[in-house]
Amino acid sequence: TCALPISITRDAMGGAVEFHDALIKRVQLLRGMPIGAVMDAVNSMEATAGAAELSSALKDFKFHVVVVSGGFTLATDLFRDRIGYGVAFANELRVIDGRLTGTVGGPAMFSHSKGLLVQTMQALTGIGRDRTLVCGDGANDLSMFPHADLRVAFGKKGVLDKHANVVIQEHDLKRLIPFAEKFASGRGTAV
């Protein structure tokens, strides 16, 4: 059933369990699933409201738009094409003979991974903390916050609220645009 993976995900995003442990458990539940069924599910997913408008606005403001996801490349690659962001980092589901093996690898598997990826992007682009905006919706996003001057908690989970300097509870990323525009003067990246 879907209830167990949803419960595991909710606990990880809320900080009740270590992200890596939850990720491994969720992926193990997918063992043996045909990749075609996974792609059907991914293709039926909708982007978060306002994602395309935010990505477009950020590019207009001259930001580098980078998505760092604890999810999977199957989704981030699809949404990069649909939404138009520049670069995505996510985890890779292992597939053998057209079926998921129940294993995963990638750059965003641990609670600290996203922070390391932000630091890597900053080192590669020469863009510092004072010119970095991050937006997150769960506990696995917290490691990005020390590396950005504009830190946005998105959604109603609340786990990031006390660490953010902007909180957007409505589930519409367009709400971030005015904050990004104000921040954009002399700024350079959004993760």
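Reader: What share of the contacts with a separation of 6 or more comes from residues 24 or more positions apart?

Author: In this predicted model, residues 24 or more positions apart account for 54% of the contacts in the chain with a separation of 6 or more. Of the chain's 191 residues, 45% count as buried.

Reader: How many helices and strands does the chain have, and in which pattern do they follow one another?

Author: The chain has 7 helices and 7 strands. Along the sequence the pattern reads α-α-α-α-β-α-β-β-α-β-β-β-α-β.

Reader: How should I read the buried residues of a helix? Take α2, and tell me where they lie around its axis.

Author: List the buried residues, then look down the axis. In α2, residues 19-28, the buried ones are Phe-19, His-20, Ala-22, Leu-23, Arg-26 and Val-27. Viewed down the axis of α2, these buried residues fall within an arc of 160 degrees, so they line one face of the helix.

Reader: Which residues of α5 are buried, and what do they pack against?

Author: Helix α5 covers residues 73-83, and its buried residues are Thr-73, Ala-75, Thr-76, Leu-78, Phe-79 and Ile-83. They pack against α3 (35-43), α4, β1 and β2. After α5 comes Gly-84, with a positive phi near 95 degrees.

Reader: What does Leu-78 of α5 touch beyond its neighbours in sequence?

Author: Leaving aside neighbours within four places in sequence, Leu-78 is in contact with Val-42, Asn-43 and Thr-73. For a distance along the chain against a distance in space, take Leu-78 and Met-45: they are 33 residues apart in sequence, and their C-alpha atoms are separated by 9.8 Å.

Reader: Now the strands. What is the general idea for side chains in a strand?

Author: In a regular strand, side chains alternate between the two faces of the sheet. For a given strand, one then asks how much of the strand is covered and which strand it pairs with.

Reader: Is β1 enclosed or open, and which strand does it pair with?

Author: In β1, 7 of the 9 residues are buried, so the strand is largely enclosed by the rest of the structure. Strand β1 runs parallel to β2, and 4 bridges join the two. Within this pair, Val-66 stands opposite Val-87 in β2.

Reader: And how many residues of β4 are buried?

Author: Strand β4, residues 132-136, has 4 of its 5 residues buried, which leaves it mostly covered. Its partner is β5 (residues 150-154), with which it runs parallel through 4 bridges. Gly-136 has Ala-153 of β5 as its bridge partner.

Reader: Gly-136 and Ala-153 bring me to cavities. How many of 30 Å³ or more does the search find?

Author: Searching the whole structure gives 1 cavity of 30 Å³ or more. The largest cavity holds about 40 Å³ of space.

Reader: Which residues line the largest cavity, and how do they divide by class?

Author: The lining consists of Gly-136, Asp-137, Ala-153, Phe-154, Gly-155, Lys-157, Gly-158, Val-159, Leu-160 and Asp-161. By class there are 4 nonpolar, 3 polar and 3 charged residues in this lining. The bridge partners Gly-136 and Ala-153 are thus also among the lining residues.

Reader: How do I read a positive phi?

Author: Most residues other than glycine have a negative phi. A positive value outside glycine is therefore worth locating in the chain.

Reader: Where is Lys-62, and is it buried or exposed?

Author: Lys-62 has a positive phi, near 75 degrees. It sits in the loop between α4 (51-60) and β1 (64-72). With 65% relative accessibility, Lys-62 counts as exposed.

Reader: Where does Asp-97 lie, and what is its phi?

Author: Asp-97 lies in the loop between β2 (87-96) and β3 (99-105), with a positive phi near 50 degrees. Asp-97 counts as exposed because its relative accessibility is 77%, and the cut-off is over 50%.

Reader: Last, Pro-107. Where is it, and which residues does it touch?

Author: Pro-107 is in the loop between β3 and α6 (113-125). At 33% relative accessibility, Pro-107 counts as partly exposed. Not counting residues up to four places away in sequence, Pro-107 touches Phe-89, Ala-90, Asn-91, Ser-113 and Leu-117. The C-alpha atoms of Pro-107 and Gly-70 are separated by 8.5 Å, with their positions 37 residues apart along the chain.

Notes
Residues numbered from 1 in each chain as written. Predicted model: local features only at pLDDT ≥ 70, side-chain atom pairs only at ≥ 80, totals over all residues. Heavy atoms only, no water. Buried < 20%, exposed > 50% of the residue type's maximum accessible area, 1.4 Å probe, protein only. Pairing = 2+ DSSP bridges. Arc of directions from axis to C-beta. Contact = heavy atoms within 4.5 Å. 1 Å grid on protein atoms, 1.4 Å probe; cavity = no way out; pocket = protein on both sides within 12 Å on 5 of 7 lines; lining within 4 Å. Points joined across faces, edges and corners; volume = space filled by probe spheres on them. Nonpolar A, V, L, I, M, F, W, Y, C, P; charged D, E, K, R; others polar.
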